[in-house]
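Colleague: I want to go through how these helices pack. Let's take the labels one at a time.

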Amino acid sequence: MRNDQWFIPSLWPGGSEEIWSPWGRRHGERFVAIPSRADAQQLVPWRWSSAIAASQRVSDDRSRYSRIRDAGGVAALLGVAVASSSHRLGVRADISIVDHLSSELGLPGSTFGTFMFGPARANRKPVIQLHDRRGRTQAWVKVGTNDLTRTLLGREIDVLEDFARRTLTFRVPAVMGRGTFGTSEWAALEPMTVEHRVAPDLDTFDNLAMSIEETAPRWSGPSEDSPLVDRLRVEATGLEFASSAVERLVARHRLIELAGAHGDLVPWNMLSGDADHAVWDWERYEATAPVGFDRIHRRVQVAVQQLGRTLEAAVADVETDLDSKHEPATTSWSALVDWYLAVMLCRYQRDAQRHANPRLVGRINDLARVLADRGARS
């Protein structure tokens with residue numbers, strides 16, 4: 001087994017990698033690795049139902065056309081794998097996490113799993129789309145394989161179980177089950193969709209974000225005495241940029257206003273349809289986030305990740321936009337944007353301690369620079 005197949009010990013304890021042959025005798029599970037076996041970010045079972053399952057994914061903001069197009073790409077790779085061993089990854093083990101999950105969740109019939117890993121990052125974890133032989137999604141399963149991802153997974157499940165006891169104006173996935181498998185922890189969530197899929201406009205998004213803010217009691221008062229600053233000081237301990245940034249903000253912004261926040265509320269973590277919003281990925285939820293955190297985050301992340309804007313330009317546009325609407329009660333949008341940037345700086349620097357990569361380091365440097373520039377101008 002090569003070092004890059006980090007996921008095998010967690011998902012197939014005691015298992016080993018093999019390159020399977022379409023014409024040889026079957027010994028283990030057969031997958032098509034995307035984009036390749038050497039850099040597997042997705043493992044798709046070698047069966048046609050996998051392409052159908054890919055077309056039914058609603059866990060991002062792609063249109064139905066885009067999902068069907070991507071499913072066609074999966075179908076093509078299923079065929080390519082016959083001729084190219086660079087896409088064929090097999091695993092031989094006594095038991096797979098899919099078998100374990102099928103038994104624990106009481107799923108009927110044959111169950112298969114498409115594994116998604118994404119690029120290497122601190123909070124990288126396997127996400128499994130369980131589906132039946134007809135490609136119908138049965139559950140989404142997140143797997144925590146290290147201290148960080150197990151902590152994030154536990155936080156998300158606690159939030160979802162709390163929300164299940166409340167009356168909300170949006171939907172969250174129900175927890176179907178949770179447990180352990182080897183050294184990993186897992187949580188299975190129900191598949192979610194909406195009756196009429198529509199792309200939310202900015203006002204619709206802001207209204208949803210403000211509903212999420214109301215999931216926690218409002219707090220306002222001196223920043224020095226706030227639960228946010230208490231938390232950030234702990235998180236920033238030993239972090240050069242983050243620690244000094246927090247203390248400068250405490251001195252500059254005397255008052256602060258806090259509320260609930262999803263923590264990563266972006267178009268690819270939700271679906272909208274009429275008044276029916278479905279929201280998932282609650283692992284970054286905070287009950288004491290700066291008011292407007294989700295509204296700021298959505299604007300910044302879309303500008304930077306989807307539109308290719310610089311962080312400086314994105315932040316300037318965000319502040320101008322928010323100044324024209326939803327004025328906060330206690331403090332200014334300028335202060336809340338500063339606190340948002342400090343929260344993200346702490347998050348990224350903590351993540352970098354576990355897994356630094358050029359992209360993450362670049363984000364940290366951008367956040368530190370923008371915060372310093374904003375402080376110099378105030």
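Modeller: Start with helix 8 and helix 12: Phe241, Ala245, Leu249 and Arg252 of helix 8 meet Ile364, Asn365, Ala368, Leu371 and Gly375 of helix 12. Contact means heavy atoms within 4.5 Å. This is a predicted model: local features need pLDDT of at least 70, side-chain atom pairs count only at pLDDT 80 or more, and totals for chains, interfaces and linings use all residues. Residues are numbered from 1 along each chain as its sequence is written, and side-chain values use heavy atoms, with hydrogens and water left out.

Colleague: How do the residues of that contact divide by class?

Modeller: Six are nonpolar, two polar and one charged. Ala, Val, Leu, Ile, Met, Phe, Trp, Tyr, Cys and Pro count as nonpolar; Asp, Glu, Lys and Arg as charged; the others, Gly among them, as polar.

Colleague: What makes helix 8 roughly parallel to helix 12?

Modeller: Their axes cross at roughly 25° and come within 11 Å. Angles under 35 degrees count as roughly parallel, over 145 as roughly antiparallel, 65 to 115 as roughly perpendicular and the rest as oblique. So helix 8 is roughly parallel to helix 12.

Colleague: Why are helix 8 and helix 11 called roughly antiparallel?

Modeller: The axes of helix 8 (residues 240-252) and helix 11 (residues 333-354) cross at roughly 160°. That fits the antiparallel class, so the label follows. The axes come within 9 Å.

Colleague: Which residue classes make up the contact of helix 8 with helix 11?

Modeller: Ten nonpolar, one polar and three charged residues.

Methods: Axes are lines fitted to C-alpha atoms, for helices over the stretch in contact, and angles run from 0 to 180 degrees between N-to-C directions. Helices (H or I, at least four residues) and strands (E, at least two) are DSSP runs, numbered from the N terminus.
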